[in-house]
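Subject: Structure handover

Hello,

Here is the structure I promised to pass on. Please have a look at it first; my notes on chain folding and on one helix pair follow below.

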Amino acid sequence: MFVDLNVPWPEAGQNAPELKKTLEMLQSFGYDFVAYNHVVPNAKTSFKPNPIKIDSAQTNTKPSTETLSPLISNAQLDAQPLRQLTRLTIIADDQNSNYQLNNTNPVLNSYDILAIRPTTERLFQQACQTFDVDIISLDMGSRLPFYMKGPTVNLAISRGIHFEICYAPAIRDQTARKHLITNAAALIRLTKGKNVIITSEAQRAMEVRGPYDVINLGSIFSLNQALAKNCITINLTSNVATPQQHDDKHIKASCPQKL
Amino acid sequence: MSVHPTFDQPNSRLIVSLSYLSDPDKTSPATKTAETHPFNHSAKVLLPLTSNSNQTTRTRWEKGFHQHGQASKFHKVSLPLRFFLDTTFQQHVRRGGTMALQCNVRIDQDDVFALLPSGTLLLNVTKPTYEKLGLVGKPSQLSPKGERYQISVDISAPSFKPTNKLYERVKWCFEHTLPNTYDFYMSSIDSSTGALRDIPFPPDANAKTISNPFTSHTEENVLIPPMSNLPLSFSSGIDGAEDQETVLERLEWIGMVACGADRIRATDKVDPFISVYSTPEASTPGDVFIGTWTGFIPAKQILDLITGLRDLIKQDSLPWAALLVSGFRDSPISWRQSEHGYASNGENDYVLLVLPDGRCVVFQALGSEDTFAI
């Protein structure tokens, strides 16, 4: 099951048709799961309610197998539509504010996946050690203001947190490309590919890449094919898992129909 | 962990072997290759048209192949797995020549089910499905440990019938833990007549009988390399890099013709910036007849094709004939019962280059995830 856990949810009013095209592109490449990402710049204001509306009509239903040649045994013809999840990313830049990352926050509970993007070393450490999040996302397109240390990263891994590498910023910008390769290679060196996910963060359909291309991209970060495949594959018992197995994570308890 | 990326990619393999095609009744490695490769998606024949063959030869070939392919059909049907345990269906399986392959699945991500002509039902499942299903299987040798499992159930065994413990267990699993309906390509070929048997499918199975369509065309005015003086011998094999190069050049040329590439045309003058390919030395202009069947082709049809090609070579004094067969990239097995997977490619194809003196060069192309070895 190929999965893309970072498709930016457009701000109110912008670019909704672009999102549809992105979804069509993802579907044609064979992705099974997609998570819409709502990015919140800081936590000083209390969280607004979840703006992401999952509309099953948003994904095109794939063409029925009757109309196409009966001989095609291509996965694109599978009748299952793209499964959609919701994700919140908090950009954490102030270590004094209380991010309220606990089970009781109803707004956080309305998202399937919770991610945090720390911008300072202190916050990165806090995220790895104490915050209750699913994904730690770092802005790999620019020089990281801190070094990632082995023990901190290993602690996060032992708590079940995944690290995210986004590849679309590298497609958009050339300097971001250099930084992505350096930062991603450093992350892979520390984690040995464990608990790493590669996602797109594609703002346009043209920034999406097929899963096998992403696997090849992984080889630039020193990930071998099998490990890279794990980074974009979801087993239904990991990160975004059946709710019964990960009750303490911010996964909506009543969304088993989505998985 | 090196600082610089090493781009370690697993390798695809090409196995080249030499065989002797003698009488149609005796088996040889070439026919064994065809026989043990059950799931074939397409078969292509390449025949050179020499200067003394003309339009009538071409028409005769077309007619002949068309007739040969008339009987080539298969069923496309939606079935639940418990259908395979049906006792009437088991009779078909025990008669031999029955096989099925699930369509529209990806071997590296989904569960794939197939029925082999030997009567074994193969379930190649992912870890969540395996844990839910409840049948015992072996871990896959290709995926990382514990990610995929292969379960084999021998349907044709005489002991496998209702009231047998294993039968009841499998039946329970197919009714409770894996009751879904899947699409299958199925074919049941009578070994004597070669005709497709009718299988009693349940009424809601949406069964369709589809022919393997045959198309043909001729590539005109292409440069054809000589195939007769290949440095192949049974005693020494293919020794030396230069000899290997000669043989592999022929394979590359066959591939170019099959794709309809422009580089082999006698009139091609391409800028070296684009391509520096040149046909092997001493190539002469001529035409090549190409006939293709696409669909779900049983091994029996391929074997008949091989015999047909040998007869055609004798009859029309052809210098060589080639048969290209490609397998399904999502098939759970390649040759014999070797496990097959999909890393970045899932090829399990082969080419038979049949020569007039009875020799046949067999090229088997395997993707990187394949446990087959000679």
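Contacts in chain B run mostly between residues far apart in sequence: of those with a separation of 6 or more, 75% join residues 24 or more positions apart. Bear in mind that this is a predicted model.

Chain B has 7 helices and 15 strands. Its radius of gyration is 23 Å, and the globule rule gives 21 Å for 374 residues. The two values are close, so chain B is as compact as a globular protein of that length. The C-alpha trace of chain B spans about 65 × 60 × 40 Å along its principal axes. Of the 374 residues in chain B, 52% count as buried.

Now the helix pair. How do α2(B) and α7(B) pack? Helix α2 of chain B covers residues 55-70, and helix α7 of chain B covers residues 299-316. Their axes lie 12 Å apart, at an angle of about 160°. Angles over 145 degrees count as roughly antiparallel, so that is how α2(B) runs relative to α7(B). The crossing of the two is right-handed.

Which residues make the contact? From α2(B) come Thr57(B), Arg60(B), Trp61(B), Phe65(B) and His68(B). From α7(B) come Gln301(B), Asp304(B), Leu305(B), Leu309(B), Leu312(B), Gln315(B) and Asp316(B). By class, the contact of α2(B) with α7(B) has 5 nonpolar, 4 polar and 3 charged residues.

Best wishes

Methods: Residues numbered from 1 in each chain as written. Chains lettered and ligands numbered in written order. Predicted model: local features only at pLDDT ≥ 70, side-chain atom pairs only at ≥ 80, totals over all residues. Heavy atoms only, no water. Axes fitted to C-alpha atoms, helices over the stretch in contact; angles between N-to-C directions. Helix = DSSP H or I, 4+ residues; strand = E, 2+ residues; numbered from the N terminus. Parallel < 35°, antiparallel > 145°, perpendicular 65-115°, else oblique. Left-handed = near helix turned anticlockwise from the far one by under 90°. Contact = heavy atoms within 4.5 Å. Nonpolar A, V, L, I, M, F, W, Y, C, P; charged D, E, K, R; others polar. Rg over C-alpha atoms; globule rule 2.2 N^0.38 Å. Buried < 20%, exposed > 50% of the residue type's maximum accessible area, 1.4 Å probe, protein only.
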